[in-house]
Amino acid sequence: MVNENSLPIENKGPEKCGARMAEQEEIRLLEDVARRRDQESFSRLFERYQSKTLGLAIYLLRDRQAAEDLVQKTLLTVGTLASKFRADRTVGAWISGLVFRKCLQALRSRSHGEQTVRRIPARSPAGKISQ
């Protein structure tokens, strides 16, 4: 016979419990943003993740202004993308992933644009195309 004293006890320290409660709150905030377009919930998520994701974007883009713009635009789309959130990851990981993918897209666009510019032949002052 198994009683509750013989069951293995999982170590649930205060850090794990606090992190789990914070994650549950973030999921609730994300649901409020998605379902009700709740501005207060959006503001709380924005405040929590703006500086974290900004650091990631600056690191990847190496351009603070571009990183600030990208993070702001990405965080503004969180409400519309919330239905794509999967509970097998944290809200923070999901938002960071959104920013990371947007940074990669920006880097690809930037790289593509530079390659296109290099292929355009230059014109000399006399109007002749030089290679």
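Here are some exercises on the structure above, each with a worked solution; keep in mind that this is a predicted model.

**Exercise 1. Get your bearings**

Work out how many helices and strands the chain has, and in what pattern they follow each other.

*Solution.* Start with the count: there are five helices and two strands. Now walk along the sequence, and the pattern reads α-α-α-α-α-β-β. Next, check burial: 25% of the 131 residues count as buried. Last, look at how far the contacts reach. Take those between residues at least 6 apart in sequence; 53% of them join residues at least 24 apart.

**Exercise 2. Take the core apart**

Find which residues touch the most other members of the largest nonpolar core, and which elements give two or more residues to this core.

*Solution.* The core has 23 residues, and the ones touching the most other members are Leu30, Leu45, Leu75, Val78, Val91, Trp94 and Ile95. Two or more residues each come from α1 (14–36), α2 (39–61), α3 (64–76) and α5 (91–119). Of the elements, α2 hands over the largest share, seven residues.

Now zoom in on Leu30. Skip anything up to four places away in sequence, and Leu30 touches Leu45, Val78, Ala82, Phe85, Val91 and Trp94.

**Exercise 3. Sort the aromatic pairs**

Find how many aromatic pairs the whole structure holds, then decide whether Phe42 and Phe46 are stacked, tilted or edge-to-face, and do the same for Phe85 and Trp94.

*Solution.* Searching the whole structure turns up two pairs. To describe a pair of aromatic rings, you want the distance of the centres and the angle of the planes.

- Phe42 and Phe46 have ring centres 5.8 Å apart and planes at 45°, so this pair is tilted. Both residues sit in helix α2, four residues apart, which puts about one helical turn between them. As for burial, Phe42 has 14% relative accessibility and counts as buried, and Phe46 does too at 16%.
- Phe85 and Trp94 have ring centres 5.7 Å apart and planes at 80°, so call this one edge-to-face. Phe85 is buried at 15% relative accessibility, and Trp94 is buried with a relative accessible area of 4%.

**Exercise 4. Hunt for a hole**

Find how many cavities of 30 Å³ or more the structure has, and list the residues that line the largest cavity.

*Solution.* The search of the whole structure gives one cavity of 30 Å³ or more. The space in the largest cavity is about 30 Å³. Its lining is made of Phe42, Leu45, Phe46, Leu75, Val78 and Ile95. Which element gives the most to that lining? That's α2, with three residues. You've already met Phe42 and Phe46 as the tilted pair.

**Exercise 5. Three helix residues, three environments**

Decide whether Thr53, Leu56 and Glu26 are buried, partly exposed or exposed, and list what each one touches beyond four places in sequence.

*Solution.* Go residue by residue.

1. Thr53 is in helix α2. With a relative accessible area of 1%, Thr53 is under the 20% cut-off and therefore buried. Its contacts are Val71, Leu75, Ile95, Ser96 and Val99.
2. Leu56 lies in helix α2 as well. Its relative accessible area is 25%, so Leu56 goes down as partly exposed. Leu56 touches Ser96, Val99 and Phe100. The C-alpha atoms of Leu56 and Phe100 are 7.4 Å apart, although 44 residues separate the two along the chain.
3. Glu26 belongs to helix α1. At 9% relative accessibility, Glu26 counts as buried. Glu26 is in contact with Leu45, Arg48, Tyr49, Val91 and Gly92.

**Exercise 6. Two arginines in loops**

Place Arg37 and Arg62 in the chain, then work out which ring has Arg62 over its face.

*Solution.* Arg37 is in the loop between α1 and α2, while Arg62 is in the loop between α2 and α3. Check the backbone next: Arg37 has a positive phi of about 55° despite not being a glycine, and phi of Arg62 is also positive, near 60°. Then the surface: Arg37 is exposed, with a relative accessible area of 52%, and Arg62 counts as exposed at 62% relative accessibility. Finally, the ring is that of Tyr59: Arg62 lies over its face, 4.7 Å from the ring centre.

Terms used: Residues are numbered from 1 along each chain as its sequence is written. This is a predicted model: local features need pLDDT of at least 70, side-chain atom pairs count only at pLDDT 80 or more; totals for chains, interfaces and linings use all residues. Side-chain values use heavy atoms; hydrogens and water are left out. A nonpolar core is a set of buried Ala, Val, Leu, Ile, Met, Phe, Trp, Tyr and Cys residues joined through side-chain atoms within 4.5 Å. Buried means under 20% relative accessible area, exposed over 50%, partly exposed in between (1.4 Å probe, protein chains only). Contact means heavy atoms within 4.5 Å. Rings of Phe, Tyr and Trp (its six-membered ring) pair if their centres lie within 6.5 Å; planes under 30 degrees apart count as stacked, over 60 as edge-to-face and the rest as tilted. A charge sits over a ring if NZ of Lys or CZ of Arg is within 6 Å of the ring centre and within 35 degrees of the ring normal. On a 1 Å grid over the protein atoms alone, a cavity is a set of points where a 1.4 Å probe fits but cannot get out, and a pocket is an open set with protein on both sides within 12 Å along at least five of seven lines; lining residues have an atom within 4 Å of a point. Grid points are joined across faces, edges and corners, and a volume is the space filled by probe spheres set on the points.
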